[in-house]
Amino acid sequence: MSVDNFKRIIWGLDPEDIVEESLFRGFTHVIPKENDYSEYIKLIFSDYKCAEHIAIMGSGNWGYSLNPDKFLRPFGDYSDIDVVIICHEAFQETWKELREYHRNKYYLLSQNQRSRLKRNGENVYSGFISPKWILSRRAPARFAYEVNSNKYANKYVGYRSVNMMYFKNIEEAIDYYVRGFRLAKGAIKNGL
């Protein structure tokens with residue numbers, strides 16, 4: 001899909017419709033064959049049996065970045081893969097470990113780390129979390145995340161780096177990406 005066609009989709013369709021279609025279709029930009037995409041998702045489900053849904057989102061899904069710093073940059077060799085894992089259990093367990101780590105280490109954190117902690121708290125409030133936010137790589141959730149994200153950086157995604165976010169539920173995942181498409185629509189309106 002050309003960038004102009006992608007812009008037309010962003011401009012012409014309801015952001016919620018775009019997100020729902022992207023979240024639930026059986027292929028992505030990075031894995032266009034449905035059988036391959038299904039196998040890739042099954043691999044992740046084998047480690048997250050509690051998950052309600054798993055999908056590739058971001059530029060790996062639709063072919064262009066919505067990140068304001070890389071707006072409409074085409075998916076390429078430098079791109080990473082954003083995996084959405086909708087799993088209340090993984091969300092809660094990661095939140096528990098993140099909270100425990102920061103409760104025990106707060107006064108040892110730099111000002112920058114404390115600022116990130118505040119931002120991460122806002123993200124948790126918005127229904128998503130990543131074990132990457134736990135600074136100790138020995139924390140069980142962080143260690144499992146590192147092992148799994150390395151395993152998922154496989155042939156299906158061209159051995160690209162994989163980032164996973166755990167969402168509390170489907171509604172929070174949809175809301176997260178809807179905000180991105182709304183911001184993109186505003187950027188297009190302003191001539192970007």
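Biologist: Why is Ser-79 called buried?

Modeller: Its relative accessible area is 8%, and buried means under 20%, so Ser-79 meets the rule. Bear in mind that this is a predicted model.

Biologist: Where does Ser-79 lie, and what does Ser-79 touch?

Modeller: Ser-79 lies in the loop between H4 and S2. Leaving aside residues up to four places away in sequence, Ser-79 touches Ser-59, Pro-74 and Arg-160.

Biologist: What makes the pairing of the Ser-79 side chain with the backbone nitrogen of Gly-76 a polar contact?

Modeller: A polar atom of that side chain lies 2.9 Å from the backbone nitrogen of Gly-76, and the limit for such a pair is 3.5 Å.

Biologist: What is unusual to note about the phi of Leu-72?

Modeller: Phi of Leu-72 is positive, about 65°, although Leu-72 is not a glycine. Leu-72 is found in the loop between helix H4 (59-62) and strand S2 (81-86). Its relative accessibility is 12%, so Leu-72 counts as buried.

Biologist: Tyr-159 also has a positive phi. Is Tyr-159 buried or exposed, and how do you know?

Modeller: Phi of Tyr-159 is near 60°, and the residue sits in the loop between helix H7 (140-152) and strand S4 (162-167). Exposed means over 50%; the relative accessible area of Tyr-159 is 60%, so Tyr-159 is exposed.

Biologist: Which polar contacts does the side chain of Arg-25 make?

Modeller: A contact of 2.7 Å joins the side chains of Arg-25 and Glu-21. A polar atom of the Arg-25 side chain also lies 3.1 Å from the backbone oxygen of Phe-27. Both distances fit the 3.5 Å limit.

Biologist: What makes you say that Arg-25 lies over the ring of Phe-27?

Modeller: Arg-25 lies over the face of Phe-27, at 5.0 Å from the ring centre, and the rule asks for a distance within 6 Å. Arg-25 is in the loop between H2 and helix H3 (34-47). With a relative accessible area of 18%, Arg-25 is buried, because the cut-off is 20%. Leaving aside residues up to four places away in sequence, Arg-25 touches Tyr-37, Asn-61 and Trp-62.

Biologist: How do you know that the span of helix H8 agrees with its number of residues?

Modeller: H8 has 20 residues, 170-189, and at 1.5 Å a residue they should span 28 Å. The end C-alpha atoms are 29 Å apart, which agrees.

Biologist: What is found at the start of H8, and what follows H8?

Modeller: At the start, a side-chain oxygen of Asn-169 reaches to within 3.2 Å of the backbone nitrogen of Glu-171. Gly-191 follows H8, with a positive phi near 90°.

Biologist: Which residues of H8 are buried, and what covers them?

Modeller: Among them are Ile-170, Ala-173, Ile-174, Tyr-177, Val-178 and Phe-181. The cover includes helix H1 (3-12), helix H2 (15-24), strand S1 (53-57), H4, S2 and S4. In an α-helix, residues three or four places apart point the same way, because there are 3.6 residues a turn.

Biologist: How many aromatic pairs are there?

Modeller: The count comes to 12 aromatic pairs. One of them is Phe-128 with Phe-167.

Biologist: Why is the pair of Phe-128 and Phe-167 called tilted?

Modeller: The angle between the planes is 40°. Stacked needs under 30 degrees and edge-to-face over 60, so a pair with an angle in between is tilted. Phe-128 lies in strand S3 (residues 128-129) and Phe-167 in strand S4, so the pair ties together parts that are 39 residues apart in sequence. Phe-128 is buried at 5%, and Phe-167 is buried at 0%.

Biologist: What makes the pair of Phe-167 and Tyr-176 edge-to-face?

Modeller: Its planes are 65° apart, with 5.6 Å centre to centre, and the cut-off is over 60 degrees. Tyr-176 counts as partly exposed at 27%.

Biologist: How do you know that Cys-50 and Cys-87 form a disulfide?

Modeller: Their sulfur atoms are 2.3 Å apart, and the rule asks for a distance within 2.5 Å. A search of the whole structure finds one disulfide. Cys-50 is in the loop between H3 and S1, and Cys-87 is in the loop between S2 and helix H5 (88-105), 37 residues apart. The link is left-handed, with -110° about the S-S bond.

Biologist: Why is Cys-50 called partly exposed and Cys-87 buried?

Modeller: Cys-50 has a relative accessible area of 34%, which lies between the cut-offs of 20% and 50%. Cys-87 has 1%, so Cys-87 counts as buried.

How values were computed
Residues are numbered from 1 along each chain as its sequence is written. This is a predicted model: local features need pLDDT of at least 70, side-chain atom pairs count only at pLDDT 80 or more; totals for chains, interfaces and linings use all residues. Side-chain values use heavy atoms; hydrogens and water are left out. Helices (H or I, at least four residues) and strands (E, at least two) are DSSP runs, numbered from the N terminus. Buried means under 20% relative accessible area, exposed over 50%, partly exposed in between (1.4 Å probe, protein chains only). The expected span of a helix is 1.5 Å times one less than its number of residues. Contact means heavy atoms within 4.5 Å. A polar contact is a pair of N or O atoms within 3.5 Å; within protein, one must be able to donate a hydrogen and the other to accept it, and residues adjacent in sequence count only if both atoms are side-chain atoms. Rings of Phe, Tyr and Trp (its six-membered ring) pair if their centres lie within 6.5 Å; planes under 30 degrees apart count as stacked, over 60 as edge-to-face and the rest as tilted. A charge sits over a ring if NZ of Lys or CZ of Arg is within 6 Å of the ring centre and within 35 degrees of the ring normal.
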